[in-house]
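Subject: Structure handover

Hello,

Here is the structure I promised to pass on. Please open it alongside this email.

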Amino acid sequence: MDHTPGMAGSTPLLPLYQPMKRTWIRFSQRYQAALRQLLKQGPDASLHPAQDLGRRASAIGMLTLDVARVHDEALVTLDPSSTRDGMMKRTEAFFAETITPLERTHQAARKAKAQVRQLKQTLRERTMELAASRRNLQQGIVRRKGVEAALEQNAEHDGKLLDES
């Protein structure tokens, strides 16, 4: 298992791909710093940095579970006494704000997937309709050719009859 240097815990947090690993480490460091700043500023602190982090997490391809791991790692680095006076609620709010852009991305992906499914179904139905129409046209062509051949035979027969009379 790959354990990220400098990260607490035993769960592998980052992928083996080095450039992405560095990006995720930087994200984790920014997250920890922003969370500490939020707690230092007190209950009236803005959650705007969390929203920015959420957009960044989405941009670098992180999933909600990845951000949850980063959050968990950040909590481990906090002073245990910082869990008093509603600070845990503020850390939860910070996490919730951070994952909001990720959840919106997931919702948009689910909606797009549903639209693609609907378009595929419409395409299948239209393809079947076109195939049936093509079969009908081919049958009509065969009938018309048969009628045309019969008319030609009748014309020849009528021509012979006229010649004989």
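Below is what turned up, starting with confidence and ending with the charged pairs.

Confidence

Please keep in mind that this is a predicted model. The mean pLDDT over the chain is 83. At least 70 is reached by 84% of the residues. Among the elements, helix α2 (residues 48–59) has the highest mean, at 92. Helix α1 (residues 18–41) has the lowest, at 87. Residues 1–11 fall below 50. That stretch still has 20 contacts in the model beyond near neighbours in sequence. I would read those contacts with the pLDDT of residues 1–11 in view.

The long helix

Helix α4 runs over residues 87–164, which is 78 residues. From first C-alpha to last, α4 reaches 114 Å. The span expected at 1.5 Å a residue is 116 Å, so the two values are close. Even so, α4 has a kink of about 35 degrees at T100. The proline P101 follows shortly after that kink.

Which residues of α4 are buried? They are M87, R90, T91, F94, F95, T98, I99, P101, L102 and G140. P101, the proline shortly after the kink, is therefore under the 20% cut-off for burial.

The aromatic cluster

How many aromatic pairs does a search of the whole structure find? The count is 2.

One is F27 with Y31. Their ring centres are 6.2 Å apart and their planes stand at 40 degrees, a tilted pair. F27 and Y31 are 4 residues apart in helix α1, so about one helical turn separates them. Both F27 and Y31 are buried.

The other is Y31 with F94. Here the centres are 5.1 Å apart. The planes meet at 75 degrees, so this pair is edge-to-face. Y31 sits in α1 and F94 in α4, so the pair ties together parts 63 residues apart in sequence. Relative accessible area is 0% for Y31 and 1% for F94, so Y31 and F94 both count as buried. Together, the ring pairs link F27, Y31 and F94 into a cluster.

H71

H71 lies in helix α3 (residues 64–77). Is H71 buried or exposed? H71 is buried, at 10% relative accessibility. Its contacts, leaving aside neighbours within four places in sequence, are Y31, L35, T91 and F95. Y31 is also a member of the aromatic cluster. T91 and F95 are among the buried residues of α4.

Salt bridges

Side chains of opposite charge can pair when their charged atoms come close. The count here is 2 salt bridges.

D52 pairs with R55. The closest N and O atoms are 2.4 Å apart. D52 and R55 both lie in helix α2, 3 residues apart, or about one turn. D52 is partly exposed at 34% relative accessible area. R55 is partly exposed too, at 44%.

E129 pairs with R126, at 3.2 Å from N to O. These two lie in helix α4, again 3 residues apart and about one turn of the helix. E129 is partly exposed at 48%. R126 is partly exposed at 43%.

Where to look

Start at Y31, which is buried and pairs with F94. Then go along α4 to the kink at T100.

Best wishes

Methods: Residues numbered from 1 in each chain as written. Predicted model: local features only at pLDDT ≥ 70, side-chain atom pairs only at ≥ 80, totals over all residues. Heavy atoms only, no water. Bend = angle between axes of the 7 residues up to and from the residue. Buried < 20%, exposed > 50% of the residue type's maximum accessible area, 1.4 Å probe, protein only. pLDDT = per-residue confidence, 0-100. Contact = heavy atoms within 4.5 Å. Salt bridge = Lys/Arg side-chain N within 4 Å of Asp/Glu carboxyl O. Phe/Tyr/Trp six-rings, centres within 6.5 Å; stacked < 30°, edge-to-face > 60°.
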